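Trainee: I would like to take a close look at one part of this model and follow its contacts outward from there. Please keep the reasoning explicit, so that I can retrace it in the coordinates.

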Amino acid sequence: MADVPARDHAATMDAMYRYQRHVYDLTRKYYLFGRDRLIADLNCAPRDKVLEIACGTGRNLVGIDRRYPGATLYGLDISEQMLVSARAKFSKSENPPAFVAADACDFTPATFGETGFDRIVISYALSMIPDWQQAVKIARRALNPEGSLHIVDFGQQEGLPAWFRAGLQAWLAKFHVTPRAEMVAVLEAEAIDAELRFETIGRGYAWHAVLRA
């Protein structure tokens, strides 16, 4: 799927989430594990600039805002439909995130009027981005010196029964989700002059990685 044009991917995501976005947060909490662990691990300092790539409904940005109220937040998503929900979550905020509809594979910090970010979050999105390797490279380049990239996504269920893995991946495929078996290798390739920390969640149900510049 790496050659899917961005406009086609955006249309697919908008079509899928036009109605799903209303129940997305309620349903996903039952199987998108590790998101709160990722947020707790950010260790943001006051005034840190935090970008979430593929921010969806803004659920994670709400959690980041509550835990690190001094941080400046940014959200990027290819789906305008999802950003409708994300903006609504911050409708009463005095300092809402800056949201931009853009492709995770084709943006720079200048898209937000910035030169870089101190923390970048990608939560359960690499498994849905066709050219996900490029998205990792773009995120790595968008980090400030000493910044960090935080990723949580479906793993390979390596410690779970084969029948569970086969069933889960078949079900996920119905929603355009493909767990990335090469994720660690791709991150290792980006870890030149950086530190990579990796852990599994739930016997490999999910993978959590931190690339610290």
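Trainee: Taking the side chain of Arg197 as the part to examine, what is the relative accessibility of Arg197, and as what does it count: buried, partly exposed or exposed?

Mentor: Please keep in mind throughout that this is a predicted model. Arg197 has a relative accessibility of 33% and therefore counts as partly exposed, a class that lies between the cut-offs of under 20% for buried and over 50% for exposed.

The partner of Arg197 is Asp41, and the two side chains meet in a salt bridge with an N to O distance of 2.5 Å. Since Arg197 belongs to strand 6 (residues 195–201) while Asp41 sits in the loop between helix 3 and strand 1, the pair ties together parts of the chain that are 156 residues apart in sequence. Asp41, for its part, is buried, because its relative accessible area is 17%, so this salt bridge joins a buried residue to a partly exposed one. As a general point, side chains of opposite charge can pair when their charged atoms come close.

The structure holds five salt bridges, and another of them can be set beside this one. Arg59 is bridged to Asp36, with their closest N and O atoms 3.0 Å apart; here too the pair links distant parts of the chain, with Arg59 in helix 4 (residues 59–67) and Asp36 in helix 3 (residues 35–40), 23 residues apart. Arg59 is partly exposed at a relative accessible area of 24%, and Asp36 is likewise partly exposed, with a value of 49%.

The loop that carries Asp41 also carries Asp48, which is found between helix 3 and strand 1. Asp48 counts as buried at 10% relative accessibility, and its side chain reaches the backbone nitrogen of Ala45 at 2.8 Å. Once its neighbours within four places in sequence are set aside, the residues in contact with Asp48 are Ala71, Thr72, Asp118 and Arg119. With Arg119 the contact is also a salt bridge, whose closest N and O atoms are 4.0 Å apart. This pair again links distant parts of the chain, Arg119 in strand 4 and Asp48 in the loop just described, 71 residues apart. Both Arg119 and Asp48 are buried. The distance of 4.0 Å deserves some care, because a salt bridge is counted here within 4 Å.

Following the chain from this loop leads into strand 1. Four of the five residues of strand 1 are buried, so this strand is largely enclosed by the rest of the structure. Strand 1 pairs with strand 2 in the parallel sense over five bridges, and it is joined to strand 4, which also runs parallel to it, by four bridges. Individual partners can be named on both sides: Leu51 has Tyr74 as its bridge partner in strand 2, whereas Ile53 stands opposite Ile122 in strand 4. Helix 4, which holds Arg59 of the earlier salt bridge, completes a right-handed β-α-β unit together with strand 1 and strand 2.

Strand 1 is also a route into the nonpolar interior. The largest nonpolar core has 32 residues, of which Leu51, Ile53, Ile120, Leu126 and Leu149 touch the most other members. Two or more residues are contributed to this core by each of several elements, including strand 1 (49–53), strand 2 (72–77), strand 4 (117–123) and helix 6 (132–141). Helix 6 gives the largest share, which amounts to five residues. In soluble globular proteins, nonpolar side chains tend to be buried together. If neighbours within four places in sequence are left aside, Leu51 is in contact with Tyr74, Gly75, Leu76, Phe107, Phe112, Phe117, Arg119, Ile120 and Val121. Apart from this core lies another, of 29 residues, among them Ile39, Ala86, Phe90 and Val177.

One residue recurs along the path just traced, for Arg119 is in contact with Leu51 and forms the salt bridge with Asp48. To retrace the route in the coordinates, then, begin with Arg197 and its bridge to Asp41, continue along the loop to Asp48, and finish at Leu51, whose bridge partner in strand 2 is Tyr74.

Conventions: Residues numbered from 1 in each chain as written. Predicted model: local features only at pLDDT ≥ 70, side-chain atom pairs only at ≥ 80, totals over all residues. Heavy atoms only, no water. Core = buried A, V, L, I, M, F, W, Y, C linked by side-chain atoms within 4.5 Å. Buried < 20%, exposed > 50% of the residue type's maximum accessible area, 1.4 Å probe, protein only. Contact = heavy atoms within 4.5 Å. Pairing = 2+ DSSP bridges. Right-handed = clockwise from strand over helix to strand, strands pointing away. Polar contact = N/O pair within 3.5 Å; in protein donor to acceptor, adjacent residues only side chain to side chain.
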